[in-house]
Amino acid sequence: MSHPSQPPSPPGFSALSAAAEPPVIADLMQRALANPHLLSLAAGFTDNALLPGPAIAESVAALSSQEEPPAFLQYGSNAGRPRLRELILRWVGSFPGERLERFDPASVLVTNGSQQALYLAAQTLCDPGDIVLVESPSYFVFLELLRGLGLRAVPLPVDPTGALQPEAIRARLAELSARGLRARVKACYLMGYHANPSARSLSLDEKNTLPALLREAGLVIPVIEDGAYRDLCFEAPHAVPSVLSLTAWEGFPRLYLGTFTKPLATGLKVGYGICDSPEWRARLLTAKGHQDFGTSHFNQAIVEHLLAHGRYQPHLDAIRPAYAAKARRLDSALRAGGLEDAGWRWSFPEGGLLLWLEGPPDLATGPDSAFCARCLEAGVLYVPGSLCFVDREPDHFVRLSFGAIAADRIDEAASRFCGVARSFG
Ligand SMILES: Cc1ncc(COP(=O)(O)O)c(C=O)c1O
């Protein structure tokens, strides 16, 4: 469990700004700049070759001719374009098992990427010292965000396959109560679909058992489900509905997050939240109003146009197999490079942009490790898995992304990585 010490407030700056450490990954990127031939398996970007340039150009042209005066060049509303909110509800409602009939567009807020929604969620629920329950491993930028707000993340224990482990969770929640911390537990953060970094999706059983354990522990707390990679499944969408549609989560305030960045264009930075608690929603909107009083109206209009004219699904139909092929290529290249013989293990994902690798238990892969330095020398960058764990341990995992790297550079990047791994084997 992490207990961030309250750093002293430097003169002229807030204590909170001192709690917000610069991202470790930025430092790694900086070191990587020393090698101009570096290949990055770290970047959370998407593939330039798969961006929907022509579809977006058509939408912009159509919008310009349709809207006179071009209202989308003005500020929009804080919550987002009404029609886009309607279309978002319809989009999320189209996934298997979703039952969103009770929601109306007022439950939707359009955000500056789902990252903003994560910040707003934490800001509206928690005070410094409060606790957020997270998966283990979890999205490292969210863990940094929590630290930056002076909050503590407490991991939900998992078994060796990465599945939530009910008995261990029960014990962890009981321990929090025994230490008098139950009232400080303010939210639970989950990634139900092709999570970052594990690429796992939660099973129906996991998603139904967790609320029962929370209830038993007297923790009917807000749940944030982050579906950032849901649209990027390789074949059929994961068959389990979001927390919004599961009766096991009834009574818990629920916020489901999605995004059009990874699956469409990260540069548009349009994401969204669907929230079933009117009170929480109002607070999220007030906080958003203070931050930006509305997501880029122009970018929203583009996404709305694509959705309204049936251009989003064909785009996904085109990019899903392309990312699946990139995942297979990286997977095969790692196997061909002898990574398994060097003691590494991983599963092939059903979607997303990531492979999550477990190295030999005694191999440190953290940002300051000899392994990391050798990878940089060899010209390959990865995300150290330790960043994705609350206590920065264990330290022998690695996150590799096949998202941004050009397909024809994957073999070379994998060969560099495997060369270093074999030399440590
Ligand atoms: C799990 C997860 N959630 C949220 C985000 C934020 O994405 P965006 O703000 O682009 O929607 C990311 C980005 O990498 C992510 O990996």
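How many nonpolar, polar and charged residues make up the shell around the ligand? In this predicted model, the shell has four nonpolar, six polar and three charged residues. Of the 13 residues around the ligand, those that come nearest are S114, D226, Y229, T259 and K269. Helix α5, spanning residues 113-125, supplies the largest share of the shell, with three residues. The ligand itself sits in the second largest pocket.

Three side chains place an N or O atom at short range from an oxygen atom of the ligand, each within the 3.5 Å limit for a polar contact. For K269, the separation between a side-chain N or O atom and an oxygen atom of the ligand is 2.6 Å. For Y229, the corresponding distance to a ligand oxygen is 2.7 Å, and for N196 it is 2.8 Å. Taken alone, the ligand exposes 400 Å², of which the protein buries 93%. Y229 and K269 also belong to the group of residues that come nearest to the ligand.

The backbone at N196 is also notable for its peptide geometry. N196, whose side chain has an N or O atom 2.8 Å from a ligand oxygen, is joined to P197 by a cis peptide bond with omega of about 15 degrees. P197 lies in the loop that runs between β5 (185-190) and α8 (204-216). The loop between β5 and α8 also holds A199. Although A199 is not a glycine, its phi is positive, at about 65 degrees.

A cis peptide bond is likewise present between E393 and P394, where omega is near 0 degrees. In this case the proline, P394, is found in the loop between β11 (383-384) and β12 (397-401).

Among the helices, α11 comprises 25 residues, from 312 to 336. The distance from the first C-alpha of α11 to its last is 36 Å, close to the 36 Å expected at 1.5 Å a residue. Following α11 is G338, which has a positive phi near 80 degrees.

Methods: Residues are numbered from 1 along each chain as its sequence is written. This is a predicted model: local features need pLDDT of at least 70, side-chain atom pairs count only at pLDDT 80 or more; totals for chains, interfaces and linings use all residues. Side-chain values use heavy atoms; hydrogens and water are left out. A residue is near a molecule or strand if one of its heavy atoms lies within 4 Å of it. A polar contact is a pair of N or O atoms within 3.5 Å; within protein, one must be able to donate a hydrogen and the other to accept it, and residues adjacent in sequence count only if both atoms are side-chain atoms. Accessible areas come from the Shrake-Rupley method with a 1.4 Å probe; for residues, only the protein chains shown count as cover. On a 1 Å grid over the protein atoms alone, a cavity is a set of points where a 1.4 Å probe fits but cannot get out, and a pocket is an open set with protein on both sides within 12 Å along at least five of seven lines; lining residues have an atom within 4 Å of a point. A molecule sits in a cavity or pocket if more than half of its atoms lie within 2 Å of its grid points. Helices (H or I, at least four residues) and strands (E, at least two) are DSSP runs, numbered from the N terminus. Ala, Val, Leu, Ile, Met, Phe, Trp, Tyr, Cys and Pro count as nonpolar, Asp, Glu, Lys and Arg as charged, and the others, Gly among them, as polar. The expected span of a helix is 1.5 Å times one less than its number of residues.
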